[in-house]
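Open the model in your viewer and keep the selection panel at hand. The tour goes from aromatic rings to the nonpolar core.

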Amino acid sequence: MIELKHITKRYKKFPALIDFSYDFENGNAYGILGVNGAGKSTLINCITQNVLFDGELNYIDLSIWDIGYVPQELAIYPELLLMCDKEAIEVQKILPFLSDTWPLCRIGRAVIRASQSCRQSCNKS
């Protein structure tokens with residue numbers, strides 16, 4: 001479970017989230033919908049601890065590594081890590097497998113190839 005209690009996040013004086021509380025139960029998929037500026041991305045950034053915020057965040061019977069996120073628009077961040085058999089590889093290593101347009105199917109294949117490469121290197125050591 002992800003337990004959020006009284007989460008508040010402001011960007012300078014702009015309130016992005018104010019006193020937000022919710023319990024996300026394990027084993028469920030959730031969609032977060034809202035108009036631009038409603039705080040959806042801010043909420044995800046709070047849950048994944050990518051921003052500082054006021055309030056309380058608890059992971060109960062799971063870790064941050066159990067959280068999946070599918071953005072509306074495709075984004076690849078080279079500084080992120082891809083977990084492969086409990087080994088971390090840099091996302092930069094899969095970027096050569098991507099085309100200039102980065103269609104989703106190519107990203108899927110790139111992640112699979114990167115994972116296979118990681119498994120092979122893990123098995124050699």
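The stops below take a predicted model one selection at a time.

**Aromatic rings.** Three aromatic pairs occur in the structure. Select Y22 and Y30 to see one of them: the pair is edge-to-face, 6.2 Å from centre to centre, with 85 degrees between the planes. Y22 is partly exposed, at 39% relative accessible area. Y30 is also partly exposed, at 36% relative accessibility.

Keep Y30 and add F24. Their ring centres are 4.9 Å apart and their planes stand at 90 degrees, so this pair too is edge-to-face. Is F24 buried or exposed? F24 counts as buried, because its relative accessibility of 11% falls under the 20% cut-off. Now show Y22, F24 and Y30 together: they form one aromatic cluster.

**A lysine over a ring.** Move to K9 and Y11. K9 lies over the face of the Y11 ring, 4.9 Å from the ring centre.

**The core.** Return to F24, which also belongs to the largest nonpolar core. Which residues join it there? Select I2, L4, I7, L17, L43, C46, I47, V51 and L57; with F24, the core has 10 residues in all. Colour by element next. The strands β1 (2-11) and β2 (14-24) and the helix α1 (40-47) each supply at least two residues of this core.

**Last stop: I47.** Show the contacts of I47, leaving out residues up to four places away in sequence. I47 touches I2, L4, F24 and L57, and these four are also listed in the core. I47 touches Y59 and I67 as well.

Technical notes
Residues numbered from 1 in each chain as written. Predicted model: local features only at pLDDT ≥ 70, side-chain atom pairs only at ≥ 80, totals over all residues. Heavy atoms only, no water. Phe/Tyr/Trp six-rings, centres within 6.5 Å; stacked < 30°, edge-to-face > 60°. Buried < 20%, exposed > 50% of the residue type's maximum accessible area, 1.4 Å probe, protein only. Lys NZ or Arg CZ within 6 Å of the ring centre and 35° of its normal. Core = buried A, V, L, I, M, F, W, Y, C linked by side-chain atoms within 4.5 Å. Helix = DSSP H or I, 4+ residues; strand = E, 2+ residues; numbered from the N terminus. Contact = heavy atoms within 4.5 Å.
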